[in-house]
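I'm opening a fresh page for this one. Below are my rough notes, kept in the order I looked things up.

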Amino acid sequence: MTLAVRYTAARTLDTAPAEPSPPGPGEVELAPAYVGICGTDLHIFHGDMDARVAAPAVIGHEMSGRVVRVGAGVEGWRPGDAVTVMPLRWDDTCPACLAGHQHVCQHLDFIGIDSPGAMQQRWTVPASTLVRLPDTLPLDRAALVEPTAVAVHDVGRAQVRGGEKAVVVGGGPVGVLIALVARAAGAEVRVVELSAHRRLLAEELGLTAWNPADDDVPALVRQWTGDAGADVAFEVSGAAGGVDTAVDVLGVRGRLCLVAIHPRPREINLHRFFWRELTLIGARLYDRSDFEKAVTLVHDGTIPAERLISKVVPLTQAPAAFEALEGGGDVMKILVDCADDAQGAAV
């Protein structure tokens, strides 16, 4: 018998015994090592995704771990292999899939939301979802490959080019990852974030961060860009004010890349879009090439994953970790150590 963290109702998680599911044909059983808690997991915790999440549900999708067993017909994988999982299962028959956009399949199974996730000691997934990790990449750092793949996809969707000026509105984990990936692509980057703790971390990583509560961000952008405005802005805050800022900082023919999940419709300055011929770009999830690039960026240190990990807790303390993350500002990424059900260790 193993343990799993389950969502049972709004603001209620438990840690309960679970019977491992043996891998069937084309499947692989994994031993998750570390699982990150992300903003989507918090939406689930708050009860905002009950239409998709059937309680009791094992959640979590940012993970690293090792292969334990392989099912019939699985080739190329063996016990002990270090892996992460691209948690998407598509049908290959809908119009989106037939157009080559499987990652936004119209009947997508996002594993960890629509089906059981990684926050457990044994997890069986399709072998097709596995992404190989270098043996020299520590597994705690590797748990940040999935959110890094989000950032890689976002920067790619926004078509960021060397020499461009980019503003990232929201300096949480994904916002900082976007800033780092955009910088690696050659852009000059500014981060807009209310939390002093997160601004300090961004600055320690070599990024310039502004406080929208004290700074006139559009004015700072005009000064920075010689009155031209930013080439691209990423809205990662999920707040109405963040949307306004992201629109206001853009120059003529600027691109606004929408990353955050907004739980309700937002007002937006469409006149600004008309006047400056702006472009709005949606960015959701990732594809395999994004994941493979993310592995490289974490492995070579372009993404200093260890600096983004605020804390590691054992599986039995995961429910309390969700409550700690609600405060947001003084925490970046909390990892759940699925191999440790006794005590956690601060990083």
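What follows is a set of short entries on a sheet, the nonpolar cores and some salt bridges.

**Entry: before anything else**
I reminded myself that this is a predicted model.

**Entry: a small sheet**
I went for the strands first. I found an open sheet of 3 strands, running in the order β2-β1-β4, with antiparallel pairing. Which strands stand at the edges? They are β2 (12-18) and β4 (57-58); each has a single partner strand, so one side of each is left without a neighbour in the sheet. I then looked at how β1, residues 2-9, goes together with β2: the two pair in the antiparallel sense over 7 bridges. I picked out one of the bridges, where Ala9 has Thr12 of β2 as its partner. A reminder to myself: strands of a sheet pair through backbone hydrogen bonds.

**Entry: the nonpolar cores**
Next I asked how many residues the largest nonpolar core has. I got 102, and the ones with the most contacts inside it are Leu30, Met119, Leu130, Phe234 and Tyr286. I also checked which helix gives the most to this core: it's α5 (residues 173-184), with 7 residues. There's a second core too, separate from that one, with 16 residues; Val169, Val217, Ala230 and Leu278 are among them.

I wanted a better look at Met119, so I pulled up its contacts, leaving aside neighbours within four places in sequence. Among them are Ala4 and Val5, and those two fall inside the residue range of β1 (2-9). Val58 is also in contact with Met119, and its number falls within β4 (57-58). Further along the chain, Met119 touches residues including Leu315, Phe322 and Cys338.

**Entry: salt bridges, starting with Arg69**
I searched the whole structure and came out with 15 salt bridges. I began with Arg69 and Glu29, whose closest N and O atoms are 2.5 Å apart. Arg69 lies in strand β5 (residues 62-70) and Glu29 in strand β3 (residues 27-36), so the pair ties together parts that are 40 residues apart in sequence. Are the two partners buried or exposed? Arg69 is partly exposed at 39% relative accessibility, while Glu29 is buried at 3%. I noted a third member as well: Arg122 is linked with Glu29 and Arg69 in a network of salt bridges.

**Entry: Arg89 and Asp109**
The side chains of Arg89 and Asp109 also meet in a salt bridge, at 2.6 Å from N to O. Arg89 is in strand β7 (residues 88-89) and Asp109 in strand β8, so parts 20 residues apart in sequence are tied together. Strand β8 covers residues 109-110. Arg89 is partly exposed, with a relative accessible area of 34%, but Asp109 is buried at 15%. I looked up what else Asp109 touches beyond four places in sequence: besides Arg89, I have Pro87, Leu88, Asp114 and Ser115.

**Entry: Glu164 and Arg255**
My last pair was Glu164 with Arg255, a salt bridge whose closest N and O atoms are 2.9 Å apart. Where do the partners lie? Glu164 is in the loop between α4 (145-157) and β11 (165-169), and Arg255 is in strand β15 (residues 250-258), so the pair ties together parts that are 91 residues apart in sequence. I checked both for burial: Glu164 is buried, with a relative accessible area of 8%, and Arg255 counts as buried at 10%.

Definitions and conventions. Residues numbered from 1 in each chain as written. Predicted model: local features only at pLDDT ≥ 70, side-chain atom pairs only at ≥ 80, totals over all residues. Heavy atoms only, no water. Pairing = 2+ DSSP bridges. Helix = DSSP H or I, 4+ residues; strand = E, 2+ residues; numbered from the N terminus. Core = buried A, V, L, I, M, F, W, Y, C linked by side-chain atoms within 4.5 Å. Buried < 20%, exposed > 50% of the residue type's maximum accessible area, 1.4 Å probe, protein only. Contact = heavy atoms within 4.5 Å. Salt bridge = Lys/Arg side-chain N within 4 Å of Asp/Glu carboxyl O.
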